[in-house]
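Please work through the exercises below with the sequence and the 3D view side by side, trying each task before reading its solution.

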Amino acid sequence: MSRSKTGSRSPARKTISAEKPESTKSIMHWADDQSWRKHNIGRLLNNAIDRFENRILQQMDEAGQGGLSLSHITITRNLDIEGTRATDLAKRASITKQSMGELIVQLEGRGLIERKPDPGDKRARIVFFTDAGLQWLKAFHIALQQAEKEIEDELGSSTLKLLKEALAAYGSRSEQADDRQ
């Protein structure tokens with residue numbers, strides 16, 4: 001601050017250059033070209049997953065097996081036929097135990113799954129498909145096959161085969177890293 005002739009304090013005047021610093025120029029160029037946000041592999045995979053999963057939900061509705069959300073499907077996708085502990089389901093689905101508990105209650109209400117005591121640990125419970133749940137799972141399998149067939153029809157069988165192989169190889173490296181932790 002500098003003092004004016006009257007003795008009061010006034011802000012010091014700074015000269016502002018009309019020329020922007022080099023770092024600001026590069027940020028402005030970066031901010032102008034945002035196409036990378038829509039065309040990166042993560043965004044492209046998410047768009048493809050959204051289309052694929054929404055098609056499965058649509059087919060499940062058409063088969064009279066609708067009414068579930070993608071969150072519910074995440075549970076059924078991770079539930080082993082021989083049963084799975086809820087804590088393991090939560091870990092596989094990357095959601096909290098509390099969220100998993102809510103989804104389990106909802107799926108129990110639909111009659112698709114049930115919980116039974118774990119014979120190896122009386123404190124734990126194992127989640128199983130009910131007979132109705134296994135019928136739902138069969139319909140889900142058919143819907144998934146139909147959705148994959150639609151991708152194959154659109155992209156070609158060789159492209160789909162390469163895509164599945166590439167994604168399996170890439171994803172398995174992530175699983176190996178998780179196993180090491």
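The exercises that follow concern a predicted model, and they go from the whole chain to single residues.

**Exercise 1. Describe the overall make-up of the chain.**

Task: Find how many helices and strands the chain has, and in which order they run.

Solution: Begin with the count, which comes to seven helices and five strands. Next, follow the elements from the N terminus on, where they run β-β-α-α-α-β-α-α-β-β-α-α. Then turn to burial: of the 181 residues in the chain, 22% are buried. Finally, take the contacts with a separation of 6 or more, of which 45% are between residues 24 or more positions apart.

**Exercise 2. Examine helix α6.**

Task: Compare the reach of helix α6 with its expected span, and determine which of its residues are buried and what they pack against.

Solution: Helix α6 covers residues 131-155, 25 residues in number, and from its first C-alpha to its last it reaches 36 Å, close to the 36 Å expected at 1.5 Å a residue. Looking along α6, one finds that Gly133, Trp136, Ala139, Phe140, Ala143 and Ala147 are buried. The partners of these buried residues are α2 (41-62), α3 (70-78) and β5 (121-129). After the helix comes Gly156, which has a positive phi, near 100 degrees.

**Exercise 3. Locate the largest nonpolar core.**

Task: State which residues have the most contacts inside the largest nonpolar core, and which elements supply it.

Solution: The largest nonpolar core consists of 24 residues, and Ile56, Met60, Met100, Ile113 and Trp136 are those with the most contacts inside it. At least two residues of this core come from each of α2, α3, α4 (86-93), α5 (97-109), β5 and α6. Among the contributors, α6 gives the most, with five residues. To see the surroundings of one core residue, take Trp136, which touches Met60, Gln65, Leu68, Ile73, Thr76 and Leu112 when residues up to four places away in sequence are not counted.

**Exercise 4. Explore the largest pocket.**

Task: Establish the volume of the largest pocket and the character of its lining.

Solution: The volume of the largest pocket is about 1200 Å³. Its lining is made of 31 residues, and Leu45, Ala48, Ile49, Phe52 and Leu167 lie nearest the centre. The elements that give two or more residues to this lining are α2, α4, α6 and α7 (157-180). When the lining residues are sorted by type, 14 are nonpolar, five are polar and 12 are charged.

**Exercise 5. Classify three single residues.**

Task: Decide whether Gln59, Pro117 and Ser94 are buried or exposed, and describe the setting of each.

Solution: Start with Gln59, which is found in helix α2. Its relative accessible area is 5%, and because the limit for a buried residue is under 20%, Gln59 counts as buried. Leaving aside neighbours within four places in sequence, Gln59 is in contact with Ala143, Gln146, Ala147 and Glu150.

Continue with Pro117, which has its place in strand β4 (residues 113-118). Pro117 has a relative accessible area of 54% and is therefore exposed, the cut-off being over 50%. Not counting residues up to four places away in sequence, Pro117 touches Ala124 and Arg125.

End with Ser94, in the loop between α4 and α5. Ser94 has 65% relative accessibility and so counts as exposed. Most residues other than glycine have a negative phi. Ser94, although not a glycine, has a positive phi of about 60 degrees.

How values were computed:
Residues are numbered from 1 along each chain as its sequence is written. This is a predicted model: local features need pLDDT of at least 70, side-chain atom pairs count only at pLDDT 80 or more; totals for chains, interfaces and linings use all residues. Side-chain values use heavy atoms; hydrogens and water are left out. Helices (H or I, at least four residues) and strands (E, at least two) are DSSP runs, numbered from the N terminus. The expected span of a helix is 1.5 Å times one less than its number of residues. Buried means under 20% relative accessible area, exposed over 50%, partly exposed in between (1.4 Å probe, protein chains only). Contact means heavy atoms within 4.5 Å. A nonpolar core is a set of buried Ala, Val, Leu, Ile, Met, Phe, Trp, Tyr and Cys residues joined through side-chain atoms within 4.5 Å. On a 1 Å grid over the protein atoms alone, a cavity is a set of points where a 1.4 Å probe fits but cannot get out, and a pocket is an open set with protein on both sides within 12 Å along at least five of seven lines; lining residues have an atom within 4 Å of a point. Grid points are joined across faces, edges and corners, and a volume is the space filled by probe spheres set on the points. Ala, Val, Leu, Ile, Met, Phe, Trp, Tyr, Cys and Pro count as nonpolar, Asp, Glu, Lys and Arg as charged, and the others, Gly among them, as polar.
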